[in-house]
Amino acid sequence: MKSAPSTAKEGIMYSRNTFPQKCVAAIGSMTAAIKAQRALLSANISAEVIALAPEETRRGCAYGVEFAATSENAARAVFRAARISVSQYILRD
Amino acid sequence: MIYFDNAATSFPKSPRAIAEATACMRTWCGNPGRGAHFLSRIASEKVYACRELLSDFLGLNAPERVVFTQNTTYALNMALKGALKHGAHVLCSELEHNAILRPLHALQQERDISFDTFPVVGRTHEQILQEITARIKENTAAVVCLHASNICSLSLPLAKIGTLCRSRGLLFMVDAAQSAGHLPIDMRAMQIDALAVPAHKGLLGIQGCGVLALGECISLSTLIEGGSGVNSLLRTMPEEFPERFEAGTLPVIAIAGLCGGISHVMELGLPEIEERANRLFFAARERIASLDGFEIYQPDTPGAVLLFNKIGIPSTEVARVLDKSGICTRAGLHCAPLAHQALGTPPGGAVRLGFGAFNTSAEVDVLWRVLRHEFC
């Protein structure tokens, strides 16, 4: 994980040194993560539910969905439409 | 064996429920929401699929607001104790089960909550609404009632009561223990804030789980706290639904069985299920009424439950004799003492026939022959 603060309201974290390949939306619960994954799949965005390391979030264990970084804007739109709350976006190589 | 106790639990179990529960135990019984290995993920996805199924089936349109519980009683306790504040007033029907009455009595002691019952027996839907309206007080916070009785086939007009509740700013909580899988339920159309449902009765699942479906307008405090799989650094339960209300490991096998049961119910179709129950009700009513000295309660309200007595013989004795002949029924008060009072049964209660998806009219004929042989 690359960590650098962002001005985006969800708190994008990424490095400017490399081009990120994956984006992880930190969702919170497993139920919400599955809901998010299904919403993305419905929009033809391939996504996988993953566990986040406790140090990646402020509250301990959490889940997220990982998808191609190139789909980030589309994914954000999907989450907004489905009223899925994302605590932060994490960009990964 | 003839099983007429489907109001207590369905039997035989749906082949689909058995298949799903068995497949769960054999192939995917990980702990959902606990870790991210493939078995946990599969379990999580299966549980989510069941939430989706229930959300659609109950007209909720929000899978994350489907909370799995131990059973219906637990779900009702969660709703009542999570929503009712100190000094609140509650209205419930005269037909309620102890699953509602006992938590309300406990809340009377603990939080100074008061409650009144409104009459249902012999009333039209409009009269029921009038009875509720007449009992609403300044501090009335909720109407809490069953959808269908567990001792007769009376049901309440949920859509109308929901509209009344919304217009008066009251929470509307419903015990669907006897109606889920028998009668249509649409939480949004009926404006239900909290709905408690069993897996193992009309939905043809297995024992071990219940459901509390929560509408968008209700907020609850938690009944129990513990591990939720997420936000482990917090000292309190997470805010997210349903994890907020699901402390500890979920009854995954029962949830799998429920999934199979619901799909069975959906394939049969509620109209067919209702029609079958009515056919059995009328057949049983006709046969029993043809015998001397039998009394049937609410004989003109068909459905999945028929209540009767042999006059002068304790209900438990009738059930015992039927049991000796291989016929399962349930006698007594059925955890619904107020409802028995309302129907006018004797102190010993009555014999209940609970029809299910697999009963036949030939079985009703056998019942009739045994009753005639033993009691006439």
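So, the contact between the two chains: 16 residues of chain A touch 20 residues of chain B. Keep in mind that this is a predicted model, and the predictor gives the complex an ipTM of 0.82 and a pTM of 0.93.

Who contributes on the chain A side? Two or more residues each come from helix H1 (30-42), strand S2 (47-52) and strand S3 (62-68) of chain A. The biggest giver is H1(A), with 5 residues. Sorted by class, that side of chain A has 10 nonpolar, 4 polar and 2 charged residues.

Let's stay with H1(A) for a moment. Its length checks out, because 13 residues at 1.5 Å a residue should span 18 Å, and the end C-alpha atoms are indeed 18 Å apart. Plenty of this helix is buried: the list runs Met30(A), Thr31(A), Ala32(A), Ala33(A), Ile34(A), Lys35(A), Ala36(A), Gln37(A) and Leu40(A). And what do those buried residues pack against? Within chain A, their partners are strand S1 (22-28), S2, S3 and helix H2 (72-81), and from chain B there is helix H2 (38-57). Just after H1(A), have a look at Asn44(A), which takes a positive phi of about 60°.

Now over to chain B. Here the average pLDDT is 97, and 100% of the residues score at least 70. The domain assignment splits this chain into domain 1 (2-10 + 269-375) and domain 2 (15-267). Taken over C-alpha atoms, the centres of the two domains of chain B are 27 Å apart. Their contact takes 27 residues from domain 1 and 25 residues from domain 2. On the domain 1 side, the elements giving two or more residues are helix H9 (270-289), strand S10 (305-310) and helix H11 (337-343) of chain B. That side divides into 17 nonpolar, 8 polar and 2 charged residues.

One last stop, strand S6 of chain B, residues 171-175. How many of its residues are buried? The count is 5 of 5. As a reminder, side chains in a regular strand alternate between the two faces of the sheet. In S6(B) both faces are covered, with Leu171(B), Met173(B) and Asp175(B) buried on one side, and Phe172(B) and Val174(B) buried on the other. For its pairing, S6(B) runs parallel to strand S5 (residues 140-146) of chain B over 5 bridges. If you want to find the spot on your screen, Leu146(B) stands opposite Asp175(B).

How values were computed. Residues numbered from 1 in each chain as written. Chains lettered and ligands numbered in written order. Predicted model: local features only at pLDDT ≥ 70, side-chain atom pairs only at ≥ 80, totals over all residues. Contact = placed C-beta atoms within 7 Å. Helix = DSSP H or I, 4+ residues; strand = E, 2+ residues; numbered from the N terminus. Nonpolar A, V, L, I, M, F, W, Y, C, P; charged D, E, K, R; others polar. Domains from an automatic or database assignment. pLDDT = per-residue confidence, 0-100. Expected span 1.5 Å × (residues − 1). Buried ≥ 20, exposed ≤ 12 C-beta atoms within 10 Å, placed from the backbone. Pairing = 2+ DSSP bridges.
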